[in-house]
Amino acid sequence: MSLKEEIERRRTFAIVSHPDAGKTTLTEKLLLYGGAIHIAGAVKSNKIKKTATSDFMEIERQRGISVATSVMGFEYNDIKINILDTPGHKDFAEDTYRTLSAVDSVIVVIDVAKGVEEQTEKLVEVCRMRNTPIMVFVNKLDRDGKDAFELLDEIERILKLKVRPLSWPIGMGYNFKGVYNIYNEKLYLFSGKDKQVREEPKEIKDINSIELDNEVGKAADKLREEMELIRGVYPDFDQNAYLDGKVSPVFFGSALNNFGVQELLECLINIAPWPKPSFTFEREINPYEEKFSGFVFKIHANMDPKHRDRIAFVKICSGIFLRNTNYLHTRIGKQFKFSSPTAFMAQKKSVIDEAFPGDVIGIHDTGNFIIGDTFSEGEVIHFKGIPSFSPELFKYVENADPMKSKQLAKGLDQLMDEGVAQLFTRSMNGRKIIGTVGALQFEVIDYRLQHEYGATARFDGVDFYKACWMTGDKVEIEDFKKKKFKSMATDKHGRDVFLAETSYALSMAQDNFKKIQFHFTSEFSK
Ligand code: G4P
């Protein structure tokens, strides 16, 4: 198969949701379709949480929380699907944000009863930064929930996504009869008795025909009315608008009962994008370029607790990656070759000889890689789009064991490279401050420092609201740094960071220093 064919048969995406909306269950069902796992019937989601590929770390097993991000690849109808899993816990949102930098599209799962929730909002915002095409799956239709139109309004209002339903529910909860697939004009009926089996789809080209009444009885008229309304309210589905991230198709179903999942998968194969160009600080990289390039978007620590080794996840952006071939690590300017790069096919890891754009490979790391590192065939490029986000929780970190200060420094350094949290040095007193997006990360850091590095840290509370990077008028920035000396720090790369105590302090700074732009992510146009 040519490089072009390999690229165009790849779909790399992430499934994101607010915890408990059904992301894990949907992932599991998709894997079942791909034959990547073989578990008969509807399996409780916890099973996959325990057995699936995302279960690498000790701490994760203990807490039952998916701390890490992993990759699940499978083939379906000659299409190579790569699902990049994201942590279910909201405290690990930053991990999810980074994973979103490596996907070409996203499925957002929404619970029909709960509607749009906080975490969904944040994740969609991150997708919007990159115009990532988004599909929405409204889940748990076997339960009573919000009216479908009400939900669509909510998605448009809160998530600021233009929507276009491509399937439509017939009934809900106890009365859930099935969905009408607007995309392929087929009726999918739900066998109500055991809520597992789906009858064969019935093609209904004309929903005004008597056939529909025969199939769904009284619900037929309601469906017709709703279809009329949809046609009146929403413009026809425009695939290009979807690919530009401007309109989101919406599907309805029940992941637990495996209803609406195959339709979602089939539509995704048809309309979701294959790998598109990526951006480096130097130039645009086209996936069809012959020369290989890729970047590290995730580092996964200590798969084996006995060794302090790590796996770096590399997204292939162009060309063909080959095993045992020298590639330039552009940050440190050295050649590296990888003798056992792995691919992730559902629960199995296997060594691969080649990989194509859209694929994600794992490479063994003994501490050479950090998030954002770029590999190429010699050209000095640096991929963009993997920013750090302003943390929301801050603590001073101190060494609690004078004999182990080296271990602590090393542990902190490596954990920060992995992107577990961000480290700032306060200008006023030189003290180190750890910033995270969730409280749990402090526990993870504490646990890992002890178990992996033999170091003991003490955390002291310090009240800041946000960390902001700054650009703008140099003289004004110098003036600002003097006036706000107590709130100034530097990040790991030595860049100035303003630690705003409160949202009021931040808006005062924005008002009083008009020539400075305050950024909430570490990557901005220079
Ligand atoms: P998450 O990854 O987004 O956090 O959600 P997950 O799939 O773990 O699902 C959260 C809960 O919602 C699970 O129940 C799961 O069984 C249930 N669920 C998922 N899809 C559907 C659906 O279509 N209909 C209904 N009724 N429930 C659904 P749980 O009680 O938390 O866990 P479990 O004991 O059932 O595994």
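Here are a few questions and answers about a helix and a sheet in this predicted model.

Q: How far apart are the end C-alpha atoms of helix α13?
A: Helix α13 covers residues 440–453, which makes 14 residues. At 1.5 Å a residue, the helix should span 20 Å. The distance in the model agrees with that expectation, at 19 Å.

Q: Is α13 largely enclosed by the rest of the structure or largely open, and how many of its residues are buried?
A: Buried here means under 20% relative accessible area. Among the residues of α13 that meet this are L440, F442, I445 and L449, along with R448 and E452. The helix is therefore largely enclosed by the rest of the structure, the count of buried residues being 10 of the 14.

Q: Which residue with a positive phi follows α13?
A: Helix α13 ends at residue 453. The phi of the residue that follows is near 65 degrees, and that residue is G454.

Q: Which strands stand at the edges of the open sheet of 8 strands?
A: The order is β27-β24-β26-β25-β29-β30-β28-β31, with antiparallel pairing. Two strands each have a single partner, so one side of each is left without a neighbour in the sheet. They are β27 (457–461) and β31 (516–519).

Q: Which residue in β30 stands opposite M488?
A: Strand β29 holds residues 488–490 and β30 holds residues 496–500. The two pair in the antiparallel sense over 3 bridges. Opposite M488 stands F498.

Q: At about what angle to β24 does helix α12 run?
A: Helix α12 (residues 405–417) lies across β24, β25, β26 and β27. Relative to β24 (393–399), α12 runs at about 150 degrees.

Conventions. Residues are numbered from 1 along each chain as its sequence is written. This is a predicted model: local features need pLDDT of at least 70, side-chain atom pairs count only at pLDDT 80 or more; totals for chains, interfaces and linings use all residues. Side-chain values use heavy atoms; hydrogens and water are left out. Helices (H or I, at least four residues) and strands (E, at least two) are DSSP runs, numbered from the N terminus. The expected span of a helix is 1.5 Å times one less than its number of residues. Buried means under 20% relative accessible area, exposed over 50%, partly exposed in between (1.4 Å probe, protein chains only). Two strands pair if DSSP finds at least two bridges between them. Contact means heavy atoms within 4.5 Å. Axes are lines fitted to C-alpha atoms, for helices over the stretch in contact, and angles run from 0 to 180 degrees between N-to-C directions.
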